[in-house]
Structures are given as C-alpha cells and as structure tokens.
Amino acid sequence: MSRPHLRLFIASAALAATLALPGCAPQTGPDGDGPFAPGTDPRAESVDGLTVGNRLMQAGEHELALEAFTRAAGEQGLTPDVLAALGSANLGLGRLGQAETLLRRAIRTDEAVPEAWNNLGVVLMEKGDFAEASQMFRRAYALDNGESDSIRDNLRLALAKIENPDYDEGEQQDYKLVRRGSSDYLIRQIP
C-alpha cells in the first residue's frame with residue numbers, strides 16, 4: 001500500500017471506530033433506565049382486571065379487554081360487574097349470543113348497573129327483537145334516573161322500530177353501534 005492510501009485507510013478506520021463507540025455506551029432514559037422495559041416486581045400489587053379491561057375497551061382493544069375481564073373473573077368471581085364487562089367485550093367483538101348470555105346473567109341481581117341493561121338492549125336491537133330491547137332500555141333509563149342521553153336515544157330508536165312494523169328487511173340498514181364511556185353503547189344512524 002502506498003503512503004497516501006495507508007493514511008486514508010487509517011483515517012477511515014479511526015472515523016468508523018469513533019462513530020461506533022457511542023453505540024457501545026449504555027443507553028439511558030430520563031430516569032437512568034436502560035433501553036429495555038422494566039422488570040416485574042412479583043411482590044407488587046396488580047392492577048384490577050376491570051380497570052385494565054375498561055381502559056382497553058376505550059382503546060378499542062376488545063379482545064385484550066376480554067382477557068383482562070376474564071382475569072378479573074378469576075380474581076373476583078363472576079360478580080354482576082364482571083359479567084357485564086365480559087358481555088360488553090363480547091358485544092364489541094360482535095359475539096351477540098355470548099354477549100346476550102353474559103348480560104342476562106348480569107341483570108339477574110339487584111346490583112346490576114344501568115349500562116348492563118342498556119348493553120343487553122343493544123344486543124337485542126342487533127338481533128331484531130325491538131320489543132324486548134325497548135323494555136331493557138326503559139329499565140336502564142329508570143335505573144339511571146333519566147340522566148343518560150345515550151340510553152334515552154336507544155329507547156327512542158327501539159320504540160320507533162316497534163311502531164314501524166313495515167320496515168323492509170332487504171333495505172340497507174343505516175345504523176351502527178357507537179361506544180360511549182367505558183362499557184356503554186349507543187345505536188346511531190349513519191348520515
């Protein structure tokens with residue numbers, strides 16, 4: 001190798017080594033943590049499965065929410081809140097039969113929340129059972145003391161469907177489910 005080429009080679013190697021060194025240094029975040037996720041503390045308290053599931057429902061992650069609610073069922077048992085949450089997650093996944101079964105179990109007790117009654121009404125509306133859906137919406141509206149606009153709107157829609165028995169089933173339906181709150185659904189007309 002000639003002298004000029006040797007100098008160029010040494011300079012290139014030195015530059016490459018200089019650029020590579022920062023990659024070898026430990027990467028630290030703002031708290032001095034490494035680049036990897038923190039480890040788990042087996043002695044720490046776990047977050048309630050219902051809380052995690054409701055957050056996942058808000059994010060539209062119904063399958064993950066169902067897993068969190070199932071975990072909550074293992075920890076707390078099948079309480080009305082857990083049954084309603086499981087039913088709402090299944091409703092979000094479009095599993096109407098499973099949602100109906102779980103929500104019916106949830107409303108059998110006096111501890112049932114208005115959202116469970118409302119969501120059962122939404123399932124029944126999706127299945128075309130408008131009369132029973134209106135009864136569920138009425139009960140939800142009464143339990144909620146008439147404070148929820150979404151339950152009132154669902155009740156109005158169910159009553160309108162009952163009054164119009166000549167509704168053409170072959171006609172394109174222009175309604176969709178809209179999620180409001182952690183486990184509350186509203187049926188909206190598509191513009």
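Here are legends for a few views of this predicted model.

**View 1. The whole chain, from one end to the other.** Let's start with the parts list: 8 helices and 2 strands. Follow the sequence along and you get the pattern α-α-α-α-α-α-α-α-β-β, so the helices come before the strands by the order in which elements are numbered from the N terminus. The chain has 191 residues, and 32% of them are buried. Look at contacts with a separation of 6 or more, and 45% of them join residues 24 or more positions apart.

**View 2. Inside the largest nonpolar core.** Here we zoom in on a core of 36 residues. Phe69, Ile107, Met125 and Phe137 are the ones with the most contacts inside it. Plenty of helices chip in: those giving two or more residues include α2 (49-58), α3 (62-76), α6 (114-127) and α8 (149-163). In soluble globular proteins, nonpolar side chains tend to be buried together.

**View 3. Ile107 and its neighbours.** Staying with the core, this one centres on Ile107. Leaving aside residues up to four places away in sequence, Ile107 touches Ala112, Ala116, Trp117, Leu120 and Met136.

**View 4. A nonpolar patch on the surface.** Now for the outside, where the accessible surface of the chain comes to about 12100 Å². Carbon and sulfur atoms account for 52% of that surface. Leu6, Phe9 and Ile10 make a nonpolar patch of about 290 Å². Phe9 sits in helix α1 (residues 3-24). Is Phe9 buried or exposed? Phe9 counts as exposed because its relative accessible area is 51%, and the cut-off for exposed is over 50%.

Note on methods: Residues numbered from 1 in each chain as written. Predicted model: local features only at pLDDT ≥ 70, side-chain atom pairs only at ≥ 80, totals over all residues. Heavy atoms only, no water. Core = buried A, V, L, I, M, F, W, Y, C linked by side-chain atoms within 4.5 Å. Buried < 20%, exposed > 50% of the residue type's maximum accessible area, 1.4 Å probe, protein only. Helix = DSSP H or I, 4+ residues; strand = E, 2+ residues; numbered from the N terminus. Contact = heavy atoms within 4.5 Å. Areas by Shrake-Rupley, 256 points an atom, 1.4 Å probe, with all protein chains shown as cover. Patch = residues over 30% accessible without salt bridge, like charges linked within 9 Å, V, L, I, M, F, W, Y side chains within 5 Å. Salt bridge = Lys/Arg side-chain N within 4 Å of Asp/Glu carboxyl O.
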